[in-house]
Amino acid sequence: MAGFKVCFGSKRRWVAAAAAIGASCAMAQPTTPVANSPLDGPLFLQLLIGELEMSAGRAGEAYGWMLEAARRSGDDGLYQRVIEIALQGKAPAQALAAARAWRQAKPKSVEAIRFESQLLLALNRLDELAVPLSAWLAESSVVERPALIAAIPRLLQRASDRKQALALVERVLEPYRSDPGTRVPALVAIGRANFGAGNSAQALDLARQAQAIDPKAMGPALLALDMLPGAAEIERLVTDYLALPDTEPGVRLGYVRMLTQSQRYADASAQLETLTRERPQLAEPWLSLGALRLELKQPREAEAALMQFVELAGKAEPTLPSPAADNDDDDSPAATKDRNLTQAWLLLAQAAEQRGDLKAAETWLARIDNPQRALEVQSRKASILARQGNLKEARALIQAVPERQPDDARAKLLAEAQLLREAKRWREAADLLADANKRFKDDVDLIYEQAMAEEKVERFPEMERLLRRVIELKPAHPHAHNALGYSLADRNQRLPEARDLIRKALDLSPGDPFITDSLGWVEFRLGNRDEAARLLRQAYRARPDTEIAAHLGEVLWAIGERDEARRIWQDARGRDAANEVLRETLARLKVGL
């Protein structure tokens with residue numbers, strides 16, 4: 001380090017050193033003719049001094065030398081290097097000045113315009129962005145322009161003032177709304193900016209206009225997807241697009257994700273069945289279909305889908321083992337394949353367990369060798385042990401899982417509580433979760449789980465206290481509102497309050513079939529039988545769950561539609577004959593199937 005200071009301790013020495021090198025280069029005589037280079041002596045000196053300054057940590061000095069070199073040469077790469085130096089020196093305003101110098105030197109350079117636009121965005125200087133954005137669009141090729149138009153709202157999504165961003169998008173894209181080649185992406189982009197600014201009705205109208213112009217365009221459907229869950233007319237834009245032949249699989253998969261998040265598993269399963277029929281060579285949809293069929297208590301159908309995934313995954317091009325294949329942050333093809341296969345083995349084990357074939361479940365679990373999934377594997381093994389009557393050993397298996405990450409202790413407690421719930425050891429589950437809540441203060445998930453266990457042991461005041469604490473900590477928690485409202489309705493208490501809580505939950509999670517079921521149940525308790533039947537039918541169509549079937553059947557039985565009630569109960573019993581709610585309902589109504 002001392003030697004470095006002696007040789008290059010001042011700018012004067014650097015200039016002298018660079019001059020000496022430049023002189024030696026000038027004295028060298030080429031023996032063969034060479035092509036002339038724009039790198040003359042002065043430019044070489046500027047570049048060398050600039051890089052030496054940067055190496056010494058003086059980004060400001062380096063910036064000045066390199067910017068002058070870029071201006072002298074007009075080289076695009078040098079201008080980019082100047083911007084890089086400024087950003088490394090945490091001087092975004094200087095980076096912007098360099099980008100503007102570049103654009104002044106080369107007004108039609110798309111790269112210069114792009115850098116200026118992105119730097120203005122980073123600095124949140126939207127009021128200066130219209131000119132470079134307009135120039136960027138004008139200089140882009142006819143082929144590239146639609147994609148650039150579509151990208152503009154996403155470029156602006158971090159803008160602090162969404163209304164200002166909307167005004168900018170409308171101003172910049174106005175010339176492209178009438179051009180046949182850009183009309184649809186322009187309408188979609190303006191619609192997306194409206195949605196970002198909170199103007200959902202205007203966004204929907206623009207998406208409709210775009211889809212009317214080109215029903216096969218993916219953009220309107222993608223905008224509608226981003227607006228879901230929401231009103232039926234928004235969803236119709238997606239379903240109308242997906243009804244066409246040869247639609248993009250990515251749109252259907254996005255729709256499946258939304259349906260799954262809304263717990264509309266039957267609808268999601270139907271979409272995946274369509275996708276696997278149209279594109280049977282795609283592996284991942286089979287994995288998702290298997291998972292959904294398990295949720296719908298269809299273990300044999302789940303196994304068929306999962307085995308198809310395993311077969312397709314095995315035919316995929318071989319990849320070298322990833323050194324981080326057990327790292328969930330690794331997105332390499334090998335790691336992704338390993339994760340998906342691990343998920344498939346876990347799901348196949350769960351399917352075998354649902355069928356009562358515990359030996360097959362153990363065989364699938366034995367295939368998994370992934371430390372990241374140790375808790376999931378041991379939890380499934382514990383579930384098998386518990387079903388065999390070895391609950392103590394099952395709990396010990398979960399407790400023995402190594403805690404590799406800070407959150408692992410909490411995850412183990414939740415897994416053990418789930419094991420106790422499956423064994424219907426409600427009091428032990430409640431006590432375990434109460435201890436967990438002393439250890440992990442104000443953990444919303446743990447408090448909610450304890451509340452559910454407290455309800456099972458009929459400690460209703462404690463359940464209500466815990467659920468209200470969840471709502472206090474996380475006001476937008478739909479399941480806490482729903483659980484409290486449903487519990488009140490099921491006990492025929494404070495029904496108007498129960499309905500308000502459930503409606504709030506449905507506002508927070510539109511279309512959720514379990515919340516819709518709760519609302520139907522409270523309407524039934526309030527005597528609104530027709531409205532109850534409508535809501536419960538809607539819930540059952542979205543998620544043919546056994547408990548929803550029990551409620552729907554009871555309402556239909558009460559309004560005289562007893563044949564339909566029997567059919568729904570019979571279907572539900574075929575999927576889950578041991579369900580307590582269904583058995584209690586049939587016993588109370590004295591119905592034999």
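Modeller: In this predicted model, helices are DSSP runs of at least four residues, numbered from the N terminus.

Biologist: Where is the place of D545?

Modeller: Two helices frame this residue, helix 30 (529-542) and helix 31 (546-558). The place of D545 is the loop between helix 30 and helix 31.

Biologist: Which side chain of opposite charge is nearest to D545, and how far away is it?

Modeller: D545 is buried and yet has no salt bridge. A salt bridge needs a side-chain nitrogen of Lys or Arg within 4 Å of a carboxyl oxygen of Asp or Glu. Leaving aside residues up to four places away in sequence, D545 touches F514, Y540 and R575. The nearest side chain of opposite charge is R543, at 4.7 Å.

Biologist: How many helices and how many strands does the protein chain have, and what is its radius of gyration?

Modeller: The protein chain has 33 helices and zero strands. For 593 residues the globule rule gives 25 Å, and the chain lies well over that, so it is more spread out than a compact globule. Along its principal axes the C-alpha trace spans about 105 × 60 × 50 Å, and the radius of gyration is 32 Å.

Biologist: What share of the 593 residues in the protein chain is buried?

Modeller: Buried here means under 20% relative accessible area. The protein chain exposes about 29900 Å², of which carbon and sulfur atoms supply 51%. Of the 593 residues, the buried share is 45%.

Biologist: How far apart do the centres of the positive and negative side chains lie?

Modeller: The protein chain carries 82 positive and 84 negative side chains, and the structure holds 49 salt bridges. The centres of the two charged sets lie apart by 1 Å.

Biologist: Which residue meets R469 in a salt bridge?

Modeller: The closest approach in this salt bridge, N to O, is 2.8 Å. The pair links distant parts of the chain, 27 residues apart, with R469 in helix 26 (residues 460-473) and its partner in the loop between helix 24 (426-439) and helix 25 (444-456). R469 is partly exposed at 24% relative accessibility, and the partner is likewise partly exposed, at 44%. That partner is D442.

Biologist: Is E523, which forms a salt bridge with R503, buried or exposed?

Modeller: The closest N and O atoms of E523 and R503 are 3.8 Å apart. This pair joins helix 29 (residues 513-525), which holds E523, to helix 28 (residues 495-508), which holds R503. R503 is partly exposed, with a relative accessible area of 40%, whereas E523, at 5% relative accessibility, counts as buried.

Definitions and conventions: Residues are numbered from 1 along each chain as its sequence is written. This is a predicted model: local features need pLDDT of at least 70, side-chain atom pairs count only at pLDDT 80 or more; totals for chains, interfaces and linings use all residues. Side-chain values use heavy atoms; hydrogens and water are left out. Buried means under 20% relative accessible area, exposed over 50%, partly exposed in between (1.4 Å probe, protein chains only). Lys and Arg count as positive and Asp and Glu as negative; His and the chain ends are not counted. Contact means heavy atoms within 4.5 Å. The radius of gyration is taken over C-alpha atoms; the globule rule is 2.2 Å times the number of residues to the power 0.38. Accessible areas come from the Shrake-Rupley method with a 1.4 Å probe; for residues, only the protein chains shown count as cover. The place of a charge is taken as NZ of Lys, CZ of Arg, CG of Asp or CD of Glu.
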